[in-house]
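These notebook entries record what I looked up about charged side chains and their exposure. The structure under study is shown first.

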Amino acid sequence: MKLKWNEDFNIYSSEYLIANSIIDLYKTNNEDILLVEHPELKSNNISTKLLNEANLNIIIVRATRGWKDSDSILVDKISNQLIDKKLVIYLNKAERYVVEETSASGVNSKI
């Protein structure tokens, strides 16, 4: 199951802003996997409790776009919210050879 911020929950509602758990936003049906898509980081905050409830947090970044200082600040902000959890950066629209070269060179995209 996939929950999308612009379809399945309202990021401006008090329900979202004070959510302690994903079950405050969605009644689970014993799904094995539940993907929650949050809005863009530069304009929105994500609850620390929601981030830490996740088994895995992934930031998807377009490889065709240059990395800016503001991107590093946003990633650091999310990383600082996590307690004993990993943040994975996934490059979207990357050429296969670039990903293979980066992986082969030992660069680790996990924070």
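I began with the accessibility of Lys4, which comes out as partly exposed in this predicted model. Its relative accessible area is 24%.

I then looked up the partner of Lys4. The residue is joined to Glu7 by a salt bridge, with 3.9 Å between the closest N and O atoms. This pair falls within the 4 Å cut-off, so I entered it as a salt bridge. Glu7 has a relative accessibility of 56% and counts as exposed, because the class begins over 50%.

Next I asked how many salt bridges a search of the whole structure finds. The search returns three.

I turned to Lys2 and Glu37, whose side chains form a salt bridge at 3.4 Å, N to O. This pair connects distant parts of the chain, as the two residues are 35 residues apart. Lys2 belongs to strand E1, residues 2-4, and Glu37 to strand E2, residues 35-37. I noted Lys2 as partly exposed, at a relative accessible area of 43%. Glu37 is also partly exposed, at 28%.

I closed with Arg65 and Asp71, whose side chains meet in a salt bridge with an N to O distance of 3.1 Å. Is Asp71 buried or exposed? Asp71 has a relative accessibility of 11%, which is under 20%, and therefore I recorded this residue as buried. Arg65, with a relative accessible area of 37%, is partly exposed.

Conventions. Residues numbered from 1 in each chain as written. Predicted model: local features only at pLDDT ≥ 70, side-chain atom pairs only at ≥ 80, totals over all residues. Heavy atoms only, no water. Helix = DSSP H or I, 4+ residues; strand = E, 2+ residues; numbered from the N terminus. Buried < 20%, exposed > 50% of the residue type's maximum accessible area, 1.4 Å probe, protein only.
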